[in-house]
Amino acid sequence: MTGSRRLNVVVGISGGIAAYKAVNVVRALVLEGHDVHVIATDAALRFVGKPTLEAISRNPVNSDLYEGVAQVRHVSIGQAADLIVIAPATANTLAKLAHGLADDLLGNTVLASTAPIVVAPAMHTEMWGNPATRANVALLRTRGITIVGPASGRLTGEDVGAGRMSEPDDIVRAALAAVDGAGADSAAVPAASTPGAPDADVTAPSSGDLAGFRVLISAGGTREPLDPVRFLGNRSSGRQGVALAAAAFERGASVTLLAAHLEVPVPEGVAVVHVQTAAELEEAARDHAQRSDLVIMAAAVADYRPAGVAEQKIKKETAGDRVTLELVRNPDILATIAAERRDGRVVVGFAAETAADEDELVRVGRAKLERKGCDYLVLNRVGWSLGFAAEDNAVVVVQRGGDIVMEASGSKATVAHRILDAVHPALLPRA
Ligand code: C5P
């Protein structure tokens, strides 16, 4: 434990609007009793003033590689550090870190240090989701660098999405935890263990075995409108799909969540596309599946939708005592994606069945797997008091051909990791 040990902490600040929040990272570390040395890039100093950072850190702020050359500061600061926290880390800074560039004081300090490094990315959603950034983050993770966030939420402008810097307290907590864990394995503090990730009580593996993979997950339940205020829906809370997204992210994957009405928050670091209906989900799923290595369809999709949507609210005065709804079949998205997949893409479906026992569950599941043409089907029993919205889950996974490859029960986070373990062998190895 860091306990009461006074750490020499280098806080690197790069040039994004979230730099103003870095002041609170510095402040929290100082208030915890640590000796904080700020290295601000030139771009960072356009967003926040040196006097502010010097007053809050109670130390001179370093920014210029060519100042104090006689003390070889680019080496000495890094060597003296017990911990390096970079917040915010822009896409550019992540790229520089990933490739070991040292064209400024921060880059040199990082290369000259053996201290745990904790990075809090902040950028616009598209930049965060860009394959170049994803690859850089995956690379940093494999080197044991802790990535905190980013969170999903309001960005600089009007938009909302993944890319918002995590809250200063969360960054500080993750940073100090990284020092605690550094003796064993500094990568043991996964980015998604920051608050907001579900089931944080579960220790996720830190192997990063999904680094470089793009994972698409659908979660929640679709809603099919009847009129402007009513819909046909289902009881799915999205918990299992969200736990899968968090687990895949923790293991280094670039994760996109197709969210069809979730009752739980989207995990930090996961890109999210909100959908309402099966038709919207189909469009988004087919589009994103093209760019995904692993597709997991955990959403409860309405099999039918109303044949027509009333323009005005349906009123009992005009509809009378008995109303007949005409429903039409929705497309089977999972079957479509399975049929359209290229070599190497792994497609996983879910089947929630009201089976009497496990034998019936597996029998129904095998037939469904065959029909849908996916690689794996995750089966679970549901009923009035079983399955939906519960914190725990119990699943059986069958693979193409019908063999049972895994059975698991426990929290939805535990089950999520077991599902990823089960399907991982089917993924093509990364170069
Ligand atoms: O046929 P059933 O609804 O039991 O199949 C469940 C699986 O199929 C889930 O993976 C679900 O996401 C997917 N599904 C789908 N499109 C539908 C219905 C279900 O992709 N219209």
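# Notebook: surface, cores and salt bridges

**Entry 1. The whole chain.** I began with the surface: the chain exposes about 19500 Å², and carbon and sulfur atoms supply 51% of that area. I note here that the model is predicted. Next I looked up the secondary structure and found 15 helices and 19 strands. I then asked what share of the residues counts as buried. The figure is 53% of the 431 residues of the chain. I also looked up the contacts between residues at least 6 apart in sequence, and 71% of them join residues at least 24 apart.

**Entry 2. The nonpolar cores.** I turned to the interior. The largest nonpolar core has 64 residues, and those that touch the most other members are Ile 86, Val 119, Leu 244, Leu 257, Leu 294 and Ile 419. Which helix gives the most to this core? I found that helix 10, residues 239–250, does so, with 7 residues. Apart from this core lies another, of 35 residues, which includes Val 25, Leu 29, Val 61 and Ala 174.

I then took Leu 257 as an example. Leaving aside neighbours within four places in sequence, I recorded its contacts, among them Ile 217, Ala 219, Gly 241, Val 242 and Ala 245. The contacts of Leu 257 also include Leu 262, Val 266, Val 270, Ala 271, Val 272 and Val 273.

**Entry 3. Salt bridges.** I recalled a general point before this search: side chains of opposite charge can pair when their charged atoms come close. The structure holds 17 salt bridges. I examined several of them.

The first pair I noted was Glu 167 with Lys 21, whose closest N and O atoms are 3.6 Å apart. Glu 167 lies in the loop between strand 7 (160–164) and helix 9 (168–182), while Lys 21 lies in helix 1 (residues 19–31), so the pair ties together parts that are 146 residues apart in sequence. Is each partner buried or exposed, or in between? Glu 167 is partly exposed, because its relative accessibility is 35%. Lys 21 is buried, because its relative accessible area is 11%, which is under the 20% limit for that term. I also found that Lys 21, Arg 164 and Glu 167 are linked in a network of salt bridges.

The next pair was Glu 282 and Arg 286, whose side chains meet in a salt bridge of 3.6 Å, N to O. How are these two residues placed in helix 11? They are 4 residues apart there, so about one helical turn separates them. Glu 282 counts as buried at 15% relative accessibility, whereas Arg 286 counts as partly exposed at 32%.

The last pair I looked up was Asp 332 and Lys 372, with a salt bridge of 2.6 Å, N to O. This pair links distant parts of the chain, 40 residues apart: Asp 332 is in the loop between strand 15 (327–329) and helix 13 (333–340), and Lys 372 is in helix 14 (residues 358–372). I recorded Asp 332 as partly exposed, at 31% relative accessible area. Lys 372, at 19% relative accessibility, counts as buried.

**Entry 4. A nonpolar patch on the surface.** I returned to the surface and asked which residues make a nonpolar patch of about 360 Å². They are Tyr 304, Val 323, Leu 325 and Leu 327. Tyr 304 is placed in strand 14 (residues 304–306) and is partly exposed, with a relative accessible area of 41%.

Leu 325 lies in the loop between helix 12 (316–319) and strand 15. Leu 325 also counts as partly exposed, at 41% relative accessibility. Not counting residues up to four places away in sequence, Leu 325 touches Leu 226 and Leu 232. I further noted that 9.6 Å separates the C-alpha atoms of Leu 325 and Arg 305, which are 20 residues apart along the chain.

**Entry 5. A threonine in a loop.** I closed with Thr 277, found in the loop between strand 12 (271–274) and helix 11 (278–289). Is Thr 277 buried or exposed? Thr 277 counts as buried, because its relative accessibility is 12%. What does its side chain reach at 3.1 Å? The partner is the backbone nitrogen of Glu 280. Not counting residues up to four places away in sequence, Thr 277 touches Thr 222, Arg 223, Glu 224 and Pro 225.

Technical notes
Residues numbered from 1 in each chain as written. Predicted model: local features only at pLDDT ≥ 70, side-chain atom pairs only at ≥ 80, totals over all residues. Heavy atoms only, no water. Buried < 20%, exposed > 50% of the residue type's maximum accessible area, 1.4 Å probe, protein only. Polar contact = N/O pair within 3.5 Å; in protein donor to acceptor, adjacent residues only side chain to side chain. Contact = heavy atoms within 4.5 Å. Patch = residues over 30% accessible without salt bridge, like charges linked within 9 Å, V, L, I, M, F, W, Y side chains within 5 Å. Areas by Shrake-Rupley, 256 points an atom, 1.4 Å probe, with all protein chains shown as cover. Salt bridge = Lys/Arg side-chain N within 4 Å of Asp/Glu carboxyl O. Core = buried A, V, L, I, M, F, W, Y, C linked by side-chain atoms within 4.5 Å.
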